[in-house]
Amino acid sequence: MLSLGFSTVCQAFIIRDFAPGLRLAGFAEMTPLLAANVWEIMHGGSTHLPIALMLVSAVSDGLGYIVRTDRLRERFHIAGFIMLIAGTLGVLPAVLSGLVLARWEIGGSGALFWHHIFVWPTFGLLVGLSVWRIIVRGRRSRPGLFIYLVFAFLAAVLVSAAGFWGGEILLGSS
Amino acid sequence: MKTAMFELKAALCAVFAGLLAVGSTLGAAMLISQSVLQTRSATKANADPVVQPALVTAGARLFALNCSHCHADDATGDEGPDLHGLTKSDARIKAIITNGVKGEMPSFKKKLGDADQAALIGFLRSLR
């Protein structure tokens, strides 16, 4: 949560200083007129960390699947598990701020539509994968883990696609 | 076999949790969106006075002289934002014209009196 907050604040200032054309205001300049920017900053700041955590979690579990050393394998899976849970927790503020930003629009049109097409399955998949990992913990079989990995990599692809279309909304030419 | 069954049961729980999370989020968003839309249309219906043509003409002249430089001649936005379909109250618009927006828009307190501001708001309300 601390790192999420830190990431949000950092990105707010990076956007303000390096992309002033986006018309985002710094915290000191915020006024009710620019209230929408709070959500833009929150959404921008809260999305990147879960995306990164999801990707690295899938890679970590994938490595855990292929390495032969028991100790190393367990460490990769523990790292993957922690990152998955942290990523899923991080998705909650990202989804909430995104919904407020989109004025509670769950579909939309153009880039927003495609963003949502990928966001909703990703959200469900992340929650599902986290629940499965929490329930199963160490009592998983190798085929079970393989199926989990297929879905984890699918979630990684979906979250990347959602991120791509999110970027298109903000910076795309259309 | 026992582990496989256990994993399958966990998978069913996971599917249920995933569907529940997405379903409840989408449902809540749709409900809120519906209620926001209703509130907006109710507010608009109450606050939409019949704008007098003379007021709009005067407001358009004031807009061309004071605001079009930043908001574009047709008020679709340039350096400043698009002013079509504003959802802010008259009082809020008046406060913005009077006080400006720090770092974004100058104050028009000394330049535009109450009557001018009313005309300007009338013109802005006529923009659809």
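**Reading a two-chain model, one feature at a time**

Modeller: Let's start with one residue: Trp165(A) has a relative accessibility of 25%, so it counts as partly exposed. Keep in mind as we go that this is a predicted model.

Colleague: Okay. What does Trp165(A) pair with, and how are the two rings arranged?

Modeller: The general idea is that a pair of aromatic rings is described by the distance of the centres and the angle of the planes. A search of the whole structure turns up seven aromatic pairs over all chains. In one of them, the ring centres of Phe164(A) and Trp165(A) are 5.2 Å apart and the planes stand at 80 degrees, so this pair is edge-to-face. Phe164(A) is partly exposed, at 48% relative accessible area.

Colleague: Which residues do ring pairs link into a cluster?

Modeller: Phe113(A), Trp114(A), Phe164(A) and Trp165(A).

Colleague: And charges over rings? Which ring has the charged end of Arg142(A) over it?

Modeller: Here you look for a charged end placed over the face of a ring. The charged end of Arg142(A) sits over the ring of Tyr65(A), 4.0 Å from the ring centre. Another case is Arg133(A), whose charged end sits over the ring of Tyr148(A), with 4.9 Å to the centre.

Colleague: Let me try a single residue in chain A. Is His43(A) buried or exposed?

Modeller: His43(A) has a relative accessible area of 17%, so it is buried, the cut-off being under 20%. His43(A) belongs to helix α2 of chain A, residues 36–66. If you set aside its neighbours within four places in sequence, His43(A) is in contact with Ala94(A), Ser97(A), Gly98(A), Leu101(A) and His115(A).

Colleague: Now the other chain. How many helices and strands does chain B have?

Modeller: Five helices and zero strands, so reading from the N terminus you get α-α-α-α-α. Of its 128 residues, 31% count as buried. The accessible surface of chain B is about 8200 Å², and 64% of that belongs to carbon and sulfur atoms.

Colleague: How do I tell whether contacts in chain B bring together parts that are apart in sequence?

Modeller: Take the contacts between residues at least 6 apart in sequence; in chain B, 51% of those join residues at least 24 apart. For one example of a pair separated along the chain, look at Arg61(B) and Leu120(B): they are 59 residues apart in sequence, with 8.6 Å between their C-alpha atoms. Arg61(B) lies in helix α2 of chain B, residues 53–66, and is exposed, with a relative accessible area of 54%.

Colleague: What about the loop between α3 and α4? Where does Gly80(B) sit, buried or exposed?

Modeller: Gly80(B) is in that loop, which runs between α3 (68–71) and α4 (90–99) of chain B. At 11% relative accessibility, Gly80(B) counts as buried. Its C-alpha atom is 9.2 Å from that of Ser68(B), twelve residues away along the chain.

Colleague: Is there anything in the backbone of this loop to look at? What is the phi of Ala72(B)?

Modeller: Most residues other than glycine have a negative phi. Ala72(B) is not a glycine, yet its phi is positive, about 75 degrees. Ala75(B) likewise has a positive phi, of about 65 degrees, without being a glycine. Ala72(B) is in the loop between α3 and α4, and so is Ala75(B). Ala72(B) is buried at 14% relative accessibility, and Ala75(B) is buried at 0%.

Colleague: Why does Cys70(B) not bond to Cys67(B)?

Modeller: The idea is to check the sulfur-to-sulfur distance, with a cut-off of 2.5 Å. The closest cysteine sulfur to that of Cys70(B) is in Cys67(B), 8.8 Å away, which is too far for a bond. Over all chains the count of disulfides is zero. Cys70(B) is partly exposed at 27% relative accessible area, and Cys13(B) is partly exposed at 38%.

Colleague: Last one: how do the two chains meet? How many residues does each chain bring to the contact?

Modeller: Chain B brings 28 residues and chain A brings 24. The size of an interface is often given as the accessible area lost when the parts come together. Chain B and chain A bury about 2300 Å² between them, with 71% of it on carbon and sulfur atoms. Phe6(B), Glu7(B) and Glu104(B) supply 22% of the area that chain B buries against chain A, more than any other three residues.

Methods: Residues numbered from 1 in each chain as written. Chains lettered and ligands numbered in written order. Predicted model: local features only at pLDDT ≥ 70, side-chain atom pairs only at ≥ 80, totals over all residues. Heavy atoms only, no water. Helix = DSSP H or I, 4+ residues; strand = E, 2+ residues; numbered from the N terminus. Buried < 20%, exposed > 50% of the residue type's maximum accessible area, 1.4 Å probe, protein only. Contact = heavy atoms within 4.5 Å. Areas by Shrake-Rupley, 256 points an atom, 1.4 Å probe, with all protein chains shown as cover. Phe/Tyr/Trp six-rings, centres within 6.5 Å; stacked < 30°, edge-to-face > 60°. Lys NZ or Arg CZ within 6 Å of the ring centre and 35° of its normal. Buried area = accessible area lost by both parts, 1.4 Å probe.
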